[in-house]
Amino acid sequence: MLIKQNPNGVERPFASEITPREVFESRRQFIQQLALGTIAGSALLEMATREAFAQSASSQKLATKRNATYVLMDKPTDYKDATGYNNFYEFGTDKTDPVRYAGSLRTSQWTVAIEGEVNKPQVIDIDGLRKLAPLEERIYRLRCVEGWSMVIPWVGYSLSELIKKVEPNGNARYIEFTTLADKPQMPGLGSPVLDWPYVEGLRLDEAKHPLTLLALGMYGEVLPNQNGAPVRVVVPWKYGFKSAKSIVKIRFTRDQPKTAWNLAAPGEYGFYANVNPGVDHPRWSQSSERRIGEDSFFTRKRKTLMFNGYGEVTSLYAGMDLRKLY
Ligand code: MTE
């Protein structure tokens, strides 16, 4: 986000339209092609991508059932784009840094501590999270505040399932997500771009909205490291920076959490961060977006939709001035 830099297609996404991971990752074929000289230039990046995949546990499939309520008309982004063009500043600020460097993230024996204003504080491991509710596949648009978007088939369940289990008490009004900050694993932490750890937050009613997803996978498999392994949230009606990756702590609070991007640049990144084509970022328009994978010179940008097209959340903001509470 340090960038200086036809609403919704009509195609129906079929599983066959998502680049199969096996194809993308057929390492032997790739190396053969490299040897034959049929791949050049971007090949090295692709090789690095494969190395990161190889180092992560991301080949593990997850048993899921597609939730028909959350199927979009938009074509899902190719796996290689969704996993090769990322924001995960703990691994560097370049879009290709996460895929290059996130191989060092250790995701085994990961736990998430649930604390604060709840009757049942607890520490849950990833196995416990995977079993907490049936895993669903949901296809969501993700709109980054920088002006690009993707369409990703996530695997997870509504965060509300976890919230029910820990029983928020009467004082709980917000929920704060703290993500891993461990220098030996995360080379980007050496940069002062943010005050680490990366912290995000939601109002409790936003967190309980069925759209808010606790994601444990994507494209039918566990999350690749660069996409926030082993557990993240996805809040599809908000700019992507609200969707915190690699969460280690979830705290229920009375007061609005102090969030990383809001602290770093309060005039640019608000707490709410609802996708809103009518409110420009101080340095660029938010009225349109570039869909990753549609990058040809002749491709028109897409119109950005209010709440990223998720109009069902409108009532959460009744009576609020979304120009001021951006
Ligand atoms: N979470 C952490 N911990 N660190 C980050 O830098 N970047 C955010 C969000 N979650 C970020 C993060 C931003 S700006 C975006 S757009 C999305 O992750 C990108 O998610 P993706 O790489 O899976 O598309």
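Visitor: What makes the link between serine 243 and a nitrogen atom of the ligand a polar contact?
Guide: A backbone N or O atom of serine 243 lies 2.9 Å from that nitrogen. A polar contact is a pair of N or O atoms within 3.5 Å, so the pair qualifies. This model is predicted: local features need pLDDT of at least 70, side-chain atom pairs pLDDT 80 or more, while totals for chains, interfaces and linings use all residues. Numbering starts from 1 along each chain as its sequence is written, and side-chain values use heavy atoms, without hydrogens or water.

Visitor: Which atom of tyrosine 89 lies 2.8 Å from an oxygen atom of the ligand?
Guide: A backbone N or O atom. For asparagine 86, a side-chain N or O atom is 2.8 Å from a ligand oxygen.

Visitor: How much of the ligand's accessible area does the protein cover?
Guide: The protein covers 99% of the 530 Å² that the ligand has on its own (Shrake-Rupley method, 1.4 Å probe).

Visitor: Why is the pair of phenylalanine 88 and phenylalanine 91 called edge-to-face?
Guide: The centres are 4.9 Å apart, with 85° between the planes. Rings pair if their centres lie within 6.5 Å; planes over 60 degrees apart count as edge-to-face, under 30 as stacked and the rest as tilted, so edge-to-face is the term here.

Visitor: What makes phenylalanine 307 and tyrosine 317 a stacked pair?
Guide: Their values are 5.5 Å centre to centre and 20° between the planes. Both meet the cut-offs, so the pair is stacked.

Key: Polar contact = N/O pair within 3.5 Å; in protein donor to acceptor, adjacent residues only side chain to side chain. Phe/Tyr/Trp six-rings, centres within 6.5 Å; stacked < 30°, edge-to-face > 60°.
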